[in-house]
Amino acid sequence: MCACFGVYIHPEELDEIWIDEASSAGIGLVAFHPAGGENTADSFERFLHLTEEPGFQSLMEKMRQKGILAETAAHALSWLLPREEFEAHPDWFRMDETGNRVKAFNCCPSSLAAMAYLEDRAAALVGKIPADGHRYHLWTDDVAVGACSCERCKGLTPADQSLLLTHAILRGLRKADPEAKLSFLAYHGTMELPGVMPEEGVYLEYAPMDREYDKPLTDPDSEKNRKQWAPVSALLERFGKEDATVLDYWYDNSLQSGWKKPPVKLKLEQAVMEQDVRDDLSAGFAYITTFACYLGADYRALYPELPDLAALTKAADSMMKKAE
Ligand SMILES: [Zn+2]
């Protein structure tokens with residue numbers, strides 16, 4: 001049994017202490033997650049500037065020296081297809097349920113011109129964002145449902161549409177990085193098996209945000225959690241287990257803080273996490289990861305110590321002992 005443990009943090013929260021904490025906890029992956037929400041294109045642009053700064057580059061160098069992979073995980077669709085293009089090309093964008101083209105969120109996956117634009121923008125990102133192991137996470141916009149209802153798209157589910165966008169972005173990445181792999185994000189409205197078949201190079205990234213956080217995902221008494229867990233085995237079968245990634249919320253202090261600073265003190269549901277990790281490993285996920293935003297220097301200034309990150313990796317130990 002082999003799994004990589006990872007944390008997704010806001011890029012500006014990375015510092016030497018974070019790296020040391022992650023390293024001593026046995027974390028093998030740090031993914032930089034520019035803030036989601038409504039202004040994802042701006043926060044992605046800020047991240048691109050940050051990656052050029054010598055201070056950030058030397059922190060990444062330190063991470064890699066400690067054997068920690070650096071990746072990028074962002075709701076990038078509105079950066080890949082800037083909303084400013086709406087005036088000139090409304091047909092590239094999403095049609096809402098009332099039949100109007102709207103610039104908010106995502107785009108029309110049936111528009112070949114929009115897909116070609118996405119490809120070019122994605123190709124231009126290669127080499128500019130950390131993607132160790134050629135693993136990319138460039139997701140659709142951060143919205144529960146942002147599907148297109150045009151004549152050509154209306155027969156496609158939100159998961160189908162998201163996968164088609166994933167394919168376009170992956171085609172672009174592979175022009176510049178032939179080994180690129182890109183995740184399909186199963187999350188809120190896309191948490192279902194797509195009818196469209198995934199192309200080679202797409203892997204599953206499962207983010208069960210619509211869950212109860214104080215109960216394990218497999219808790220029979222939680223209807224919400226049952227619903228989130230139900231598609232997992234079919235998704236893993238369809239997308240394969242290699243690179244399959246769980247992205248959970250055990251250490252997500254931005255969520256617990258209501259995405260507003262100052263950060264609250266993180267409440268870690270350790271027993272829930274331990275059960276979840278065992279279930280994730282049994283299901284066959286290769287990467288066990290969690291958001292861990294709002295645990296940077298401002299958190300440490302308020303609360304004397306970081307929550308125990310090693311609890312994440314230790315959650316697997318008991319299971320491995322059992323298997324021996
Ligand atoms: Zn459409």
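**V196 and the barrel strands**

Colleague: Is V196 buried, exposed or partly exposed, and how many other C-beta atoms lie within 10 Å?
Modeller: Keep in mind that this is a predicted model. Being buried takes 20 or more such neighbours and being exposed takes 12 or fewer. V196 has 17 other C-beta atoms within 10 Å, so it counts as partly exposed.

Colleague: Where does V196 lie, and which residues does V196 touch beyond four places away in sequence?
Modeller: V196 lies in the loop between β7 (181–186) and β8 (202–206). One residue it touches, L163, is 33 residues away in sequence but 7.3 Å away in space, C-alpha to C-alpha. Leaving out residues up to four places away in sequence, V196 touches D160, L163 and L164.

Colleague: Moving on to β9, which of its residues point one way and which the other?
Modeller: Side chains in a regular strand alternate between the two faces of the sheet. In β9 (residues 245–248), all of the residues are buried. V246 and D248 point one way, and the other way point T245 and L247.

Colleague: What are the bridge partners of T245 on β8 and β10?
Modeller: β9 pairs with β8 in the parallel sense over two bridges. On its β10 side (residues 287–291), β9 also runs parallel, joined by four bridges. T245 is the partner of E205, and in β10 it stands opposite Y287.

Colleague: What do these strands build, and what is the average twist from one strand to the next?
Modeller: With parallel pairing, eight strands form a closed barrel in the order β1-β2-β3-β6-β7-β8-β9-β10. From one strand to the next, the twist averages 30°.

Technical notes
Residues numbered from 1 in each chain as written. Predicted model: local features only at pLDDT ≥ 70, side-chain atom pairs only at ≥ 80, totals over all residues. Contact = placed C-beta atoms within 7 Å. Pairing = 2+ DSSP bridges. Axes fitted to C-alpha atoms, helices over the stretch in contact; angles between N-to-C directions.
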